[in-house]
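Q: Please take a close look at one part of this model, its surroundings and its pairing. Then set that part against the rest of the chain.

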Amino acid sequence: MSAFSRREFLATLSAAGIVPSAFAMGRDGQLPSEGSGPSFLHGVASGDPLHDRVILWTRITPKKLGDVLQGKWSISTDHHLKRIVRSGSFSTDVTRDFTVKIDATGLEPDTIYYYRFETRGAQSPLGRTRTLPIAHRRRWRMAFASCSNYPYGYFNAYGRMAARNDIDMVVHLGDYLYEYPQGGYANPLLVGLRDVVPANEILTLTDYRLRHALYKTDPDLQELHRLHPFICVWDDHESANDAWRDGAENHNPENGEGEWVVRRRNAVRAYNEYMPIRSKNCLDDKIYRSFRIGDLADLVMLDTRLHGRDLQAAFKTGQSELPVSDPTVSDGTRTLLGFDQEEWLERQLWQSKQRGQTWRVLGQQVMMAQLSSTFGQTIINPDQWDGYAPARTRLFRHLIDNNIKNNVVLTGDIHSSWCADLTLNPWDSASYNPQTGAGVIGAEFVCPAVTSPGPIPDAAADVVAGQLRFVSPHLKYINLNRRGYGVLDLTHEMASCEIYHVATVDAKDDRETLATVMVSEVGNNLVRGVGEKTLRL
């Protein structure tokens, strides 16, 4: 068979439960040759670093479906693996799709480590990771990204992040993969070059495993995982578009897609198997958690998608743009996080202040700042925090009432770049001043998509951005059509956000542009710009 027809054939068998994705998928979508042994075709990854431990991940492509693969892992302070500080054994099989996750403990804080897996004479690529600081840290830089749709383009943004030697870790804010079938949400210029596996919309556990395995074959993503620890949360496309607690826009039981609880469980299990996340078990769906970066910052990762989100207002009304007075939008009994996660978040923020952390950084999925084309009379997207306005007000009131300052929100989802002041009402000049910072509660930095297309066509993007800037004094930077990533640079004096845009996603390309630098100073979260469009090669 040709490579494509072989892949399609195996995907069909997988959907029927006859073969698992690990057996079906190598780097090129083919089975290993008959005489080969196990191999590490999906690279290595690390994640969820703490001051004394980090998750190490890999996946092994076996020679035979029934194999039980046993092997060893080791972690060292040098890249020759001469000074091994921890090591151990592992066992994996078809029940976990031949993935391996190790929680390597007993490590030193703020230290770079190198790690490797071995099994049956095969060695994985050499990975590099690092632990978080526990004491004073003068500076910490984290890249952040979202919305990496494989068939829509090449992961040039991942490649640019991997090429950097000035970041300490990567924060992925969701839509790590997409659930759509072949051609469902794809770049027509890349047909046959970035096809998805399986070709159908993913529904079963095997489907989700296959799609995760495909993404892990991308060389730019592999290299980024190999070099830097990730801290991840899911958004909607890791399960289905516009997901909420009990369903999704792109889940249709009446069309034979089954019960949402089953599909959600499949998505959660595959995510836990394939991502370097510290989970209790493969069905653990509680992903909100926090990380302490010395005395510099607390990074608090939220789940605005699956844990507690109520049904979106737009689904109830059938409208996409709603007045702020809409009874669903203004209903104080609705929640985006779930009331238990809201309470947990408030404790995290209060405790962070009590410990004297300089910054509180929230990593989350959907835009928190108000987005309106009518000076706040209507909201553009009820899937964002705008559609759960009382929940946002509760969070902002907690920050104000407890004098919790120096807050930064990192966001993905919207396939565009934004930098904004966070304030209770940006259109109330008595309570908010965009020049002085009066009334500012925090800064929000929204990263562009890795590949997914922007919400506005290229020809109109600049005009629409200008219109939104005109009616929105809190929106300090907007770009609606470029892809790329962000870098958050934290010191005890300032939080600086650099937005990088790649030249194209239609072909492999190493060019990128530093589009803007926006800063927020300690004691005054006002967002202001300090740089404009300098080329970085």
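A: Two strands count as paired if DSSP finds at least two bridges between them. Helices (H or I, at least four residues) and strands (E, at least two) are DSSP runs, numbered from the N terminus. The model is predicted, so local features need pLDDT of at least 70 and side-chain atom pairs count only at pLDDT 80 or more, while totals for chains, interfaces and linings use all residues. Residues are numbered from 1 along each chain as its sequence is written, and side-chain values use heavy atoms, with hydrogens and water left out.

The part chosen is strand S20, residues 417-422. Its 6 residues are buried, 6 of 6, so the strand is largely enclosed by the rest of the structure. Buried means under 20% relative accessible area, exposed means over 50%, and partly exposed lies in between (1.4 Å probe, protein chains only). Ser417, Cys419 and Asp421 point one way from S20, and Trp418, Ala420 and Leu422 point the other way; all of them are buried.

S20 has two pairings to describe. With strand S21 (residues 442-446), S20 pairs in the antiparallel sense over 5 bridges, and Leu422 stands opposite Gly442 of S21. With strand S22 (residues 475-479), the pairing is also antiparallel, over 4 bridges; here Cys419 of S20 faces Tyr477.

Strand S3 (residues 69-76) can be set beside S20. In S3, 6 of the 8 residues are buried, so S3 too is largely enclosed by the rest of the structure. S3 pairs antiparallel with strand S4 (residues 84-92) over 8 bridges, where Leu69 has Thr92 as its bridge partner. A further 5 bridges join S3 to strand S6 (residues 112-119), again antiparallel, and Ser76 is matched there with Tyr114.

Among the helices, H4 (residues 205-215) is mostly covered, with 11 of its 11 residues buried. Charged residues are on that list, including Asp207, Arg209 and Arg211.

Two single residues give contrasting cases. Leu488, in strand S23 (residues 484-491), is buried with a relative accessible area of 0%. Beyond its neighbours within four places in sequence, Leu488 is in contact (heavy atoms within 4.5 Å) with ten listed residues, among them Trp140, Met142, Phe144, Val361, Leu410 and Phe445. Leu488 and Phe396 are 92 residues apart in sequence, and their C-alpha atoms are 22 Å apart. Lys280 lies in the loop between helix H6 (260-274) and strand S14 (289-293), and is exposed, at 74% relative accessible area. Its C-alpha atom is 32 Å from that of Thr393, which is 113 residues away along the chain.

The whole chain has 10 helices and 26 strands. Of its 537 residues, 61% are buried. Among contacts between residues at least 6 apart in sequence, 71% join residues at least 24 apart. The radius of gyration is 23 Å, which agrees with the value near 24 Å for a compact globule of 537 residues; it is taken over C-alpha atoms, and the globule rule is 2.2 Å times the number of residues to the power 0.38. The C-alpha atoms fill a box of roughly 75 × 55 × 45 Å along the principal axes.
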